[in-house]
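Welcome, and thanks for opening the viewer. Please load the model and get ready to make a few selections along the way.

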Amino acid sequence: MSSFRLAYKFFLYRLKSFRLHGIHSPFVFDLYHQAICHDGTYMAYPVIERLRAKLKKNKQEIEVTDLGAGSRVSQTYRRRISEIARISAKSPKYGQLLFRLINYFQPRQVLELGTSLGLTTAYLAAANKKAAITTFEGCPNIANHALQNFRELKLKNISLIPGNLDQSLPDFVANLDQIDFVYFDGNHRYESTIRYYQRCQQKHTQNSVFVFDDIYWSSEMEKAWKEICRDPTVTLSIDLFQVGLIFFRQKQPKQHFTLWY
Ligand SMILES: C[S@@+](CC[C@H](N)C(=O)[O-])C[C@H]1O[C@@H](n2cnc3c(N)ncnc32)[C@H](O)[C@@H]1O
């Protein structure tokens, strides 16, 4: 999608989104005020941001195996760590949003599809040390750097699964009883997003939370997001523009919110 179309989509989002006054959904009201818009700080934030600043200065070049649709800016197969930290990693604002979501819902079984250098993984892991965080990365050199970063941050509740999600995700999910939280940030293509969603959806509970990254990044991603929102098992969807959240809570009518974040 061109920058112009993305700006247009953002303009539409700006018109549609609201700040949640007078909404008769206590669940969404509380989630919005306690987790989404909470502007307090946590001790983990500066620690992870110091690592991000260091990675953004790292000029080391590595060979990148690109398995996804995420390299709109750079098509080369050699990239600097600084460039990966700048372009691929989710910004502090969204890393911290994910931290607060984990802190709020306290999920135990957390998956992240697409690790990159592990900055967002670090937010997921630091938010609940009792949670088991499993993160998937297809590029071996990037995965090695992520593992180094987890050691540096002394985060012990992360397992990194290397390899292509097309193979690694079905094998992993097959051995789980349930999945509490998933952050989809790997292959940004329609078909893969739907396939990974369907695989994780098989192990959802009524308390599971799935977060989709870059739902307007391309027409394929937008199509996937809209289709997932229409899934009959999804009872609540929240569009925050850069990310979309879905819930499977029973005993509530199907609802969709576009909220300002
Ligand atoms: C946008 S980055 C992830 C950013 C990370 N979640 C963060 O916020 O810091 C996407 C990552 O997914 C990986 N990826 C893309 N397609 C994949 C696939 N099919 N299997 C495994 N990893 C994949 C890429 O190598 C890349 O590192």
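How many of the 9 residues of helix α6 (residues 119-127) are buried? Keep in mind that you are looking at a predicted model. Select residues 119-127 and count: 9 of the 9 are buried, so helix α6 is largely enclosed by the rest of the structure. Click along α6 and you will pass L119, T120, T121, A122 and Y123, then L124, A125, A126 and A127, each of them buried.

Now zoom out to the whole chain. Colour by secondary structure to see 10 helices and 10 strands. The chain has a radius of gyration of 18 Å, close to the 18 Å that the globule rule gives for 261 residues, so it is as compact as a globular protein of that length. Along the principal axes, the C-alpha atoms fill a box of roughly 50 × 45 × 35 Å. Across the 261 residues, 39% are buried. If you draw the contacts with a separation of 6 or more, 69% of them join residues 24 or more positions apart.

Next stop: strand β1. Select residues 61-63 and pick out I62, which lies in this strand. Is I62 buried, exposed or partly exposed? I62 counts as partly exposed because it has 17 C-beta neighbours inside 10 Å, where 20 or more would make a residue buried. Leaving aside residues up to four places away in sequence, show what I62 touches: R79, I81 and N141.

For a last selection, add F27 and draw a distance to I62. The two residues are 35 apart along the chain, and their C-alpha atoms are separated by 45 Å.

Conventions
Residues numbered from 1 in each chain as written. Predicted model: local features only at pLDDT ≥ 70, side-chain atom pairs only at ≥ 80, totals over all residues. Helix = DSSP H or I, 4+ residues; strand = E, 2+ residues; numbered from the N terminus. Buried ≥ 20, exposed ≤ 12 C-beta atoms within 10 Å, placed from the backbone. Contact = placed C-beta atoms within 7 Å. Rg over C-alpha atoms; globule rule 2.2 N^0.38 Å.
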